[in-house]
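Please open the model in your viewer and keep the selection panel at hand. The tour goes from an annotated span to one helix, and then out to the whole chain.

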Amino acid sequence: MNANFRTLMQTFAFVGASTFACVSTAWVNPADIVQASTSVDSNALFSDQGPLYFTPQEPTSNQPITVTLRASAGNLSSANVVVYNTASGSTTYYPMSLEGNDVNGVYEFWSATLPATSNTEYYYFQANDGSSTVYYNASGATSTAYPTPTFSGNQWNTYDDFVISPNFSTPSWAQNGVMYQIFVDRFFDGDVSNDVTNGEYSWYGHPTVQLSWGQDPELGDPGGADQVAFAGGDLEGVADKLNYIEHTLGANILYLSPVFTANTNHKYDVQNYFQVDPHFGGNSALETLISDAHNTLDNAGQQGRVILDGVFNHTGASNSWFTSAQSSQSSPYYNWYTFTNWPSQYATFAGVSNLPKLNYGSSSLQNEILSVADTYLEPPFDADGWRLDAPGHIGANGYDPEANGNYNDPTNHAFWESFRQSVKSVNPNAFIFGEWFEGSQPEEWLNNGNQWDGSVNYNGFLQPASEWITGYDDGFNANSISPTTLESWLVGTLNSVPRAAQLAQVNELSTQDVPRFAERAAETINYKTYTTPSGGTVTYPYGGTPNLWKDYLGAFLQFTYVGIPTIYYGDEYGMMGGGNNDAGKRWTFDWSQVANGGNSVFQLYQQLIAMRHQYPALTDGSFMPLVADDNSNIFAFARMDGQQRIIVVLNNSNGTETETIPVYEAGSPYNSSFTNITPLVGGASEASSVSVDGQGNISVTVPGHYAEILVQQGGPLTAVSTNPAPLVAGQQATITYDDPLASTASSLTMHWGYNNWNGITNTVMTRQSNGEWTAVITVPNGSVLNAAFEDSNGDWDNDNSQNYNFPISS
């Protein structure tokens, strides 16, 4: 005990006051720590960019950044943050301070505040115990120091270091929302008068086909008739179903397939960017839909939003720009394409003659595309953002960067920088996300925070989720991964991009370009053989026997993981399709499946959406893996912020499994309890609450292909904490107490001073709804704030006679 405080306790008749064996949160200079271990405990190290370990979440260039590392209590003698600045090419070591231990005394926390920067930076941690050193970054711990990030092979190699991207923020409405992707022609026919009819026009010799609703859209001719078979869905139909999307289901962001005039049903062959296809209702229908969405609130009170699909890498061959360029080399549009032998040979997208590739070597083309983007964000449309089709393929003079493995093409990145600047100048709150199919994350488009907000997260979510749950990859190839592989895959891809992008990644189980999740998950798959126009045959998967429990499990993972849960229309009832055939991925919505309460898959989606809105930790919380059991096929993780800790246990085995989950790793106090918030459908049954034992573990029993989701009020990492940290002299600060006295006290007083108990003050604390106690004080002009706590029974917590001591900065 501090000698001065001992005297003060005697003066105030505190002799005999109880000293709790509580955890230490006293700040100590690392140089003064007595070595307590023989090696760094690598398994105890943890950090991510959740709000408890990285703050502020979206730093500006004027804001210092506090990063935190968890370690085993008493394990480290010192720690550093190693920061690489991409602009200066310099590496700086920032010493970390010991901030205290968790409520159980199992872990200690080290923090450092990094100076504000305007440059993209990468960082990892160096943990020392006096005789050994371990390094920790987004991919985990290693005994070997990470190399300095390098720029080679047209891309950065950052070795999975964490990313800081100053001034990069993504729209909060997108982060907090649930998105619903609609393939317009197959969703709902709101106006039969604008339907495409049989033989209305021909496309490359293929007359249009009018499908009846629910008719098989796979006509045996994927490159021809399949593409001009129309079911009649339109924007009026989407508007008619707004109540379904936003209230019956509960999603609030509509992401539409391309709506501009084009000859095909998918409309990725744009004919006129400034005209919404008349068969979809024309410009007025889009205006009405967006207005109606904006004026509709979902069940959580969030405004409806509408995202458009921007097909800017190529046009259709019937586009007037292209037909003009083909008609004359003097056309103002001639240089908007790349002709290798005018007029019949030209650069295309993926070798498809109907998709001539735009030439971004033309500044006038770039200006025109920016004009298109801005037009639909402005009145009278007022759209809320853009999904970008094939954005990595954009290049100059026929060059396709992504197809050539070049992720740093200067033309490509310069254009997307201009695109972001233009879009955000019209609507600073617009959302921009790019399609990205590669087996990597689009770090080059995200890490500097100056191009996209996020991406369609094929590699970071759809692919690993599919391979673990269904045993197939997104191409319907047999590929099965273990929980251990799933864990490393999710952790590595999540942390490879800045926090602002992590929260804006678009997580889907199916899209218009991959076989339906429910089909990949099916118990058995059926096949159908079609006769082709040439008289041959082709065989495609064609529905099958559904496995609703795997559909459940996919939804559980989607709605509890980091990023924006995005439902491809029909996934909410387990829609199947036709395997790898594009038409089969785009069947018409079967509205009978969601009538009268819908099936059990639909009911689960409803409840998961409501749960996502109710528990903010599922949106902004850290992602901490807890168990990856390859024997039981169980994967468990925690999502946690300053208010909640949520435990998610996923069982991908065929039968019920019981697993021990070390929830103390997520900060759960020994002998506490969790409430079960799992939506129960399909006859699933689980206990309503779960108790934490004296070692910080819980035992959960989870049905096969199902989940258990548990919630507990959370709090700061350390038992006593300050906000801000470190404290700033002369500014107000909140002191939070969540140690042993917190749960039993009817009142609590903070006894504090500074620089060895000068200016002693007693401040009555306020109990919060989550059980924590807080006090707001004005930080004195000193170097250290000293504190101890007394409850209404006269019991004291003075940190095992060390007092609580917090550094004060000037």
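## A guided tour

Begin by selecting residues 181-612 of this predicted model, the span that an unreviewed UniProt entry lists as "domain: Glycosyl hydrolase family 13 catalytic". If you mark the C-alpha atoms at the two ends of residues 181-612, you will find them 18 Å apart, and colouring the span by secondary structure will show 30% helix and 18% strand.

Next, select helix α6, residues 320-327, and display the side chains of Trp321, Phe322, Ser324 and Ala325, which are buried. These residues lie on the same side of α6, because the arc they cover around the axis is only 160 degrees. What do the buried residues of α6 pack against? Add to the selection the strands β20 (270-276), β22 (339-341), β23 (345-346) and β25 (352-356), together with helix α7 (363-377), and you have their packing partners.

Then move to the N-terminal end of α6, where asparagine 319 acts as the cap, with a side-chain oxygen placed 2.8 Å from the backbone nitrogen of tryptophan 321.

Finally, zoom out to the whole chain, whose secondary structure comprises 17 helices and 50 strands. Its radius of gyration is 29 Å, close to the 28 Å that the globule rule gives for 810 residues, so the chain is as compact as a globular protein of that length. Along the principal axes, the C-alpha atoms fill a box of roughly 100 × 60 × 50 Å. Colouring by burial will show that 61% of the 810 residues are buried, while a surface display covers an accessible area of about 27,400 Å², of which 45% belongs to carbon and sulfur atoms.

Conventions
Residues numbered from 1 in each chain as written. Predicted model: local features only at pLDDT ≥ 70, side-chain atom pairs only at ≥ 80, totals over all residues. Heavy atoms only, no water. UniProt positions renumbered as here; feature names shortened; annotations may be inferred. Helix = DSSP H or I, 4+ residues; strand = E, 2+ residues; numbered from the N terminus. Buried < 20%, exposed > 50% of the residue type's maximum accessible area, 1.4 Å probe, protein only. Arc of directions from axis to C-beta. Contact = heavy atoms within 4.5 Å. Polar contact = N/O pair within 3.5 Å; in protein donor to acceptor, adjacent residues only side chain to side chain. Rg over C-alpha atoms; globule rule 2.2 N^0.38 Å. Areas by Shrake-Rupley, 256 points an atom, 1.4 Å probe, with all protein chains shown as cover.
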